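Got your viewer open? Keep the selection box handy, and we'll hop from one spot to the next.

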Amino acid sequence: MDSFFLKHKLTRPLNLTGLHCLLLFLALFCLPASSWGSDLNASVDRNKIGIDETLNLRVRYSGDENGGQPDFELLEQDFDILSRQQSNQYRVINGRAESFVEWTLTLAPKREGELFIPSLHYKGQVSDAIPIKVSEAGSAPDGADRKAFLEIELDKDKVYVQEQLLVKVRLYTTIGLHDIATEPLQVAGAHVEKVDEQRYERKLGGISHAVYELTYAVFPDSSGQLAIPAMTYVAVAGRRDPFSLFNRNSQRLRLRSQAKTIEVLPKPDSYSGAHWLPAASLGIVQSWSQNPDTFTVGEPITRILTIRAEGLRAAQLPPLPKLDIEGLKTYPDQPQQEDQIGPNGVTGSRIETTAIVATQPGNYQLPAVTLTWWDTKSQKQRATQLPAFRFEVSGTAAATPQTQEPGNLPTLVPGTTTLEEQDHFWRNLAIAALASHLLWIFYLYRYRPQRLEQPTASAKPARKMHHEAKLKKALESEDPRHIQQALLDWLQQRWPQVEGNNLSEVSHQLGFEELHEIQSLLSAAIYQEPVKPLNIVKIKVLVDRLMSREGGMDKILEDGELPKLFT
């Protein structure tokens, strides 16, 4: 009886709660995934890659996801994150509900060796670390099947210090690449210039590859080992869909080349040149602004010398010797430097322009110009020479300016005189000296108060030198406004009787042809629209002539305040 009651008591409730069991099952089915537990897992598509390859990392979190993501900054210690995507999914498999969020990252290793994808943390969950083995570029098991890779080629096995080294970086691909981003080549201890860029096709192993090639010219600063670092390119592979916002069919790639090392040799001990010039070729060319057969005394003619060196930058080319020939005045202009680039690297040019003015007629010879350089093709010392240049100057000798001492009269233009003429000259000189002393005595007594107010005679030469230095400095600046003001100050000091507040008024009073031409050139460079470039070489020649003048005061003395010494 008791057993029956007990059996009946246990089985009856089961029959009464069948509907409740169904409801309980449906309730459990509808519970969120977090009720079943949460987990964080990380996986990669491969554990062995080359330094120039990428891998895909998948991180999945099963549980209640309310935003946020794991701390992926830990990955950037050993990897570059090229791209990342996030997806949220909810699915039912065999009546079991499952929801999760997944992150997919494309990673590129920063170095070779044994690396680790570190443990990631998210909402209290921790993933396992994953070891990754990174080998040299192209040495991975699937290196032969790479769809895109980089190659670096050097044009020489050894170079001398400051010699040009050509570095070619080639991107090979059999797939469509776009949005290619490159980092410029930077070499420690060397000057680097990009000189060429080309696109072409080349077959490797019977397979056509599209090639994108960059050429750099590298100039080592010192001898020793020169390291050419690995280059890194980032590109997008796959079809670009202009109507898709996310381009899910594309893949971001990072390509990395091998690093290179080259030996840099010091300058050979046998080299005897004054300047170290390692070049593939070097030449000197001479040209003139006009036919040098028309040399005339007092007329400027411009000589142009050009040094051109293949494999050298213009900054490496030395200045040429200055001309120092009696009877010739030279006015060198600022040298011009120019670099031309091309597939063969850099070709530097240095252009030196000099205005030459002859002061005496006769035959002249410009000395030969010789440059010693190192031929990088034959590995020998060579010399390039511009031959000496002879020319004849016609015309009449220019007057030689003499320094006027206080109390002395200026020397006249020298010429051949008879004994009688010389006697007259000394007699006239004695009379002039006596007359000048008498006038000075009269002047001292009559105008002594005014004299005390004037600067001392010893201060005049110093003031004259100051204004001359100021004018020369203004000419070097090649600023027409500075030249105009400095020239006006010098003229007013040189001829203090001149009255005028500008260069035009002073030029009108003095009546010098050189000054009038200078004033015209400066006005055109300052006030003309459009501004006319200043011919600084011609200005220097005219100023030099102006400084040599001793006359030109006849008109001023006629209307001036000083008494006439001669009638």
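Start with S2, S9 and S6: these three strands make an open sheet, in the order S2-S9-S6, with mixed pairing. Strands here are DSSP runs of E with at least two residues, helices are runs of H or I with at least four residues, and both are numbered from the N terminus. Two strands count as paired if DSSP finds at least two bridges between them.

Before going further, a word on provenance: this is a predicted model, where local features need pLDDT of at least 70, side-chain atom pairs count only at pLDDT 80 or more, and totals for chains, interfaces and linings use all residues. Residues are numbered from 1 along each chain as its sequence is written, and side-chain values use heavy atoms, with hydrogens and water left out.

**Stop 1: the edges of that sheet**

Select 48-50 for strand S2 and 113-117 for strand S6. Both are edge strands with a single partner strand each, so one side of each has no neighbour in the sheet. From one strand to the next, the twist averages 35°; angles like this run from 0 to 180 degrees between N-to-C directions, with axes as lines fitted to C-alpha atoms (for helices, over the stretch in contact). Now add residues 130-135, which is strand S9: S6 and S9 pair in the antiparallel sense over five bridges. Which residue of S9 is the bridge partner of Gly113? Val134 is.

**Stop 2: another three-stranded sheet**

Next, pick S11, S19 and S16, an open sheet in the order S11-S19-S16, with mixed pairing. Strand S11 (158-160) and strand S16 (224-228) are the edge strands, each pairing on one side only. The twist here averages 35° from one strand to the next. Zoom in on S11 and strand S19 (residues 260-265), which pair in the parallel sense over three bridges. Val159 sits opposite Val264 of S19.

**Stop 3: a covered strand**

Select residues 232-237, strand S17. How many of the six residues of S17 are buried? Six of its six are, where buried means under 20% relative accessible area, exposed means over 50%, and partly exposed is in between (1.4 Å probe, protein chains only). Try colouring by face: Thr232, Val234 and Val236 are buried on one side, and Tyr233, Ala235 and Ala237 are buried on the other.

Now bring in the partners. Strand S13 (residues 177-182) runs antiparallel to S17, joined by four bridges, and Leu177 stands opposite Ala237. Strand S18 (residues 251-256) is also antiparallel to S17, with six bridges; there, Leu255 is the bridge partner of Tyr233.

**Stop 4: two helices**

Jump to helix H6 (residues 480-494) and helix H7 (residues 503-510), whose axes come within 10 Å and cross at roughly 40°. H6 and H7 are therefore oblique to each other: angles under 35 degrees count as roughly parallel, over 145 as roughly antiparallel, 65 to 115 as roughly perpendicular, and the rest as oblique.

Show side chains for Gln484, Leu487, Leu488 and Leu491 of H6, plus Leu503, Val506 and Leu510 of H7, which make the contact (heavy atoms within 4.5 Å).

**Zoom out**

Finally, display the whole protein: 10 helices and 29 strands. Buried residues make up 35% of its 567 residues. Of the contacts with a separation of 6 or more, 68% are between residues 24 or more positions apart.
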